[in-house]
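Good morning, and thank you for coming. Please take a moment to look at the sequence and the structure before we discuss them.

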Amino acid sequence: MSTDSALALGAFAMVARGVPDQVRAFLLALFVVDDVAALLLVIFAYGDAIRPAPALLALGSFSALLFARKCAPAASRRTDLLFGAGTWAALMFSGIEPPVAGLLIGLATTARAPQRTDLEHATGLVRLFREQPDAARARAATVGLSASLSANARLQHLFHPWTTFVIVPAFALANAGIPLSAQVLAQAATSPVTIGIVAAYVLGKPAAVIAGSWAIARSSRGRLSSPVGWGAVLGSGTLAGVGFTVSLLIATLAFTGAHLEQAKVGVLTAATLSTVTSWAVYRIIDLLPATRRHRALLGDGARPNDLGDEVDTGRDHVRGAKDAPITVVEYGDFECPYCSRTEPATRELLTQHPDVRYVWRHLPLGDIHPHARLAAEAAEAAAAQGAFWAMHTRLLEKQDHLDLGDLMAHAEELGLDTARFRGELLSGTHRPVVDRHIASADANGVTGTPTFFINGRLYTGSHDAAGLAGAIETAREELGLASPAVHASGSTGGSRPARVVLHAPARPPAEPAGTPVHGRGGRRDKSAA
């Protein structure tokens, strides 16, 4: 019954390359619902007569685990081990299958993005340890660093090697062993058990996912409609047919002898056929014209923006055409090495896309970059004299020269009024602008640099030119726009994404003469790191 999330996500990565993140999010939500259904099935369909005392003890141990996570998140490793083992042991005597404990704990493990205040607090603890290293401060720094991450992130890091290389292989060896003789396969080919499992996974699951999504949208009058297109719903349904671990567990509870062997053959056959079917579905979608492909993957409805405050060309630093249909917003830090490292390639990439405008917003991480705040104000002081982008490029290029004397030298080399520049820096004239950008980052959930938004949506792909190009192409498909000609490797435009191969030069190319100025700065092209 249940989908094997790990195998299905691996299959998804192979058969659905370049698919928008929303499809993967929908797939994960589907797997959670599938796990809940399997959990209820194991409890109520395959459990023995439930014995109240051990069941209450398991419930109490599980409740204690949740309470410990809430009150002492830094100690969750020990409390999870203690109360998780207690829940498991109690379930062994309760008549409920013990693996339910693992499903419950996993489903109750929360995930959240790190908060900037927590990260700054952790940095402060590390700095205290650096100044006065001792065991107490080392412990405080370790706890602070761990507490800045969600329980999901900590447990995944802790258990991933064990589950990948020990637990899942051991489970497979213990439960999937079947003699694949000609006789067994011949019996399975005509067995109602095998045929039923294959039909349920390969045909039933996609039909159920489509019908369920349609019924929910219909009954809610569109308020709970699917966040992806029907092509993605179908592809998610076919991938839901990839079963293994929990499927084999349920099979061992339901069958014995030859029927169990036939059930295992059915599960493995269904996983293979479901993967092939999913590949065919996404391959067909990939061959569609851009507009129809976008509709199949993401539907017709407009998705909400992740960026709460829209770009204001009167206040934001905008590079490119004011009316460009695609907007790339970066929250950056002039002392951040990642922002500098990707600057040349992303700058060149955006020059290949005339329908893109680029926006820079400041997020100086003062707890780790002591000169970032002053550098941001220096960029604003340069913007007041019409030289934001020239200063922007220079600051990212000279990250080891950002103190006041260095900034004055930069201003002089750029031909600015150095007296005015120095006065505005010392008086904090442009501090409110930087504060406004920081408040914008906090409101939009930005915790680190560089962070990108493309047409108002958070970009979570790889920090390289190729990744950003793909995201730009997705945004273009959403708007029903054709790809412009790209002159990077002899490629030309069309309805399909152009492959752009870029090699970062040692220095950013010189700013073109006569580039238009929007807002406070001049023209500049930069992108995703």
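What we have here is a predicted model. I shall begin with one helix, α3, and then turn to salt bridges.

In α3, Pro52, Ala53, Leu56, Leu59, Phe67 and Lys70 are exposed. On the other side of this helix we find buried residues: Pro54, Ala55, Ala58, Ser61, Phe62, Leu65, Ala68 and Arg69. Seen down the axis of α3, the buried residues fall within an arc of 150 degrees, so they line one face of the helix. How far apart are the end C-alpha atoms of helix α3? They are 28 Å apart, which agrees with the span of 28 Å that its 20 residues, 52-71, should have at 1.5 Å a residue.

Let us now consider the salt bridges, of which the structure holds 15.

In helix α22, residues 465-478, glutamate 473 and arginine 476 lie three residues apart, about one turn of the helix. Their side chains form a salt bridge, at 2.8 Å from N to O. Both glutamate 473 and arginine 476 are buried. Elsewhere, salt bridges with shared partners connect Arg373, Glu377, Arg431 and Asp435 in one network.

Within that network, glutamate 377 pairs with arginine 373, their closest N and O atoms being 3.3 Å apart. These two residues are four apart in helix α17, and are therefore separated by about one helical turn. Is glutamate 377 buried or exposed? Its relative accessibility is 4%, so it counts as buried. Arginine 373, at 25%, is partly exposed.

Finally, arginine 293 forms a salt bridge with aspartate 286, with 3.5 Å between the closest N and O atoms. Here arginine 293 is buried, at 9% relative accessible area, while aspartate 286 is partly exposed, at 28%.

Technical notes: Residues are numbered from 1 along each chain as its sequence is written. This is a predicted model: local features need pLDDT of at least 70, side-chain atom pairs count only at pLDDT 80 or more; totals for chains, interfaces and linings use all residues. Side-chain values use heavy atoms; hydrogens and water are left out. The expected span of a helix is 1.5 Å times one less than its number of residues. Buried means under 20% relative accessible area, exposed over 50%, partly exposed in between (1.4 Å probe, protein chains only). The arc is that of the directions from the helix axis to the C-beta atoms. A salt bridge is a side-chain nitrogen of Lys or Arg within 4 Å of a carboxyl oxygen of Asp or Glu.
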